[in-house]
Amino acid sequence: MIKVEDIVYARFRAPDLDKMEAFLADFGMQRYARTDTALYMRGVGSDPIVHVTELGDPGFVGLALQASSEADLESVATANGASVETRTEPGGGKHVLVHDPDGFPIEVVHGLDKLDVGEVQEIAPLNARLDKPRKGAVKRMKAGPAHVHRLGHIVLNVTDYPKSYAWYHEQFGLLKSDEIYIGDENTVIGAFTRCDQGEKFVDHHTLFLLGTGKPGFNHAAWEVADLDDLMLGRDVLNDKGYTPVWGVGRHILGSQVFDYWRDPWGHTVEHWTDGDLFDASTPPGKASVQELLGKQWGPEPLEDMAG
Ligand SMILES: [Fe+2]
C-alpha cells in the first residue's frame, strides 16, 4: 500500500476545446498547454495541471493522484502488474496507470513540474463582531473570475461502495472521514475519504465514493482563494449564462462553502473554500444521507445531486 498525498487533476473529454477553454477561463483557470487534441488548464497553485480535456465525445475520463516518491509509483506498478512510464503530456513527471473496480482510469503521478504560486488580490480582512482588524481602510475588490488554486476532490458514483472503498484504501491508503447511511445506520451507501498523511492535516475529503449501483461521474471540486473570490466568480458565471446547480451554501460534512455549476457538457463542477482539515487520528464519523445533501445555510439544490 502507498499513501497518496492528494488529488491532482481530473480528466474529461469534450468535442470543442475552444468552448471548454472559454468556460474554464470563466471558471477561474488558465491555459497551461494546448495541443491539437488536448487542453491542459492550471490554477494559481503550484500544480501545472488541474483539469485536462481530451478532444472527443463528452464525458469524464478519470483522475490523477499524487504519490510521494518514484518508489511509490514502482510499488503501485508491481502490485497491479503495470509499469512506471514517463509522462508524455505537458507537466512532465512519471506515472502509473491503473483501473479501479468500476474501470475508471486512475493515474498515479510523481515528479510533475512545480510552478510558482500565482498572486491573488489581497482583500482587506473581515470585521467580525468582537474583532475588527480593518481600521481606517475600505474593502474594495476587482471583479472577475474566481482564482482556482487546486483540485480538491472528486465524487464518483460506484457500483459497489465497500468493494471500491477497499480498493482505494488498500492501493492508496485513503481513510474514511464520514460514512453515509440511508435509513438504518447500518445501510452504508458511501463515504467521504481523505489522504493518510499521518500528523499532517489534509482536506476532510479527497474522494467521495457514492454507491449508487451505477458507475459514473458525480462532480469535481476546485478550491478557490476565499469567500469573496468565490462570490466574485459566481457573478462571472451568472453573467455569462452558465447553468447553476447548487449554491452558495455551507456543507455540513467537510464544512466548506460551496457553489456548483455545470460545464458546457453538463459535468458538475464545484468551487469551494474554507473546508475542514483532519489528520490521520480522526476516527471515521457516520452521517445520514440527509446530512450529506443538507447544508448549514444556503438554498436547496436546483437539480438532483446524486445523479
Ligand atoms: Fe463537493
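Three residues, Leu65, Val108 and Leu209, touch the most other members of the largest nonpolar core, which holds 75 residues. The model is predicted.

**Around Leu65**

Leu65 has contacts beyond its neighbours within four places in sequence. Val4, Ile7 and Val8 are among them. So are Ile106, Val108 and Phe172. Val108 thus appears twice: it is a contact of Leu65, and it is named with Leu65 and Leu209 for touching the most other core members.

**Strand S1 and its partners**

Strand S1 runs over residues 6-14 and is mostly covered. Seven of its nine residues are buried. S1 pairs with strand S5, residues 59-66, in the antiparallel sense. Seven bridges join S1 and S5. Arg11 stands opposite Gly62 in S5. S1 also pairs with strand S4, residues 51-55, but in the parallel sense, over five bridges. There Phe12 faces Thr53 in S4.

**Strand S17 and its partners**

Strand S17 covers residues 268-273, and six of its six residues are buried. Both of its faces are covered. Thr268, Glu270 and Trp272 lie on one side. Val269, His271 and Thr273 lie on the other.

S17 pairs with strand S14, residues 216-224, in the parallel sense. It pairs with strand S16, residues 257-262, in the antiparallel sense. Trp272 has a bridge partner in Glu223 and stands opposite Phe258. The hairpin of S16 and S17 has five residues between the strands. In that hairpin, Gly266 takes a positive phi near 90°.

The pairings of S1 and S17 are set out below.

| Strand pair | Sense | Bridges | Opposed residues |
|---|---|---|---|
| S1 and S5 | antiparallel | seven bridges | Arg11 and Gly62 |
| S1 and S4 | parallel | five bridges | Phe12 and Thr53 |
| S14 and S17 | parallel | four bridges | Glu223 and Trp272 |
| S16 and S17 | antiparallel | six bridges | Phe258 and Trp272 |

**Leu175 in strand S10**

Leu175 is found in strand S10, residues 175-181. Is Leu175 buried or exposed? Leu175 is buried, because 22 other C-beta atoms lie within 10 Å, and the cut-off for a buried residue is 20 or more. Not counting residues up to four places away in sequence, Leu175 touches Thr193, Arg194, Asp196 and Ala280. Asn80 and Leu175 are 95 residues apart in sequence. In space they are 21 Å apart, C-alpha to C-alpha.

Methods:
Residues are numbered from 1 along each chain as its sequence is written. This is a predicted model: local features need pLDDT of at least 70, side-chain atom pairs count only at pLDDT 80 or more; totals for chains, interfaces and linings use all residues. A nonpolar core is a set of buried Ala, Val, Leu, Ile, Met, Phe, Trp, Tyr and Cys residues joined through C-beta atoms within 7 Å. A residue is buried if 20 or more other C-beta atoms lie within 10 Å of its own, exposed if 12 or fewer, and partly exposed in between; C-beta atoms are placed from the backbone. Two residues are in contact if their C-beta atoms, placed from the backbone, lie within 7 Å. Helices (H or I, at least four residues) and strands (E, at least two) are DSSP runs, numbered from the N terminus. Two strands pair if DSSP finds at least two bridges between them.
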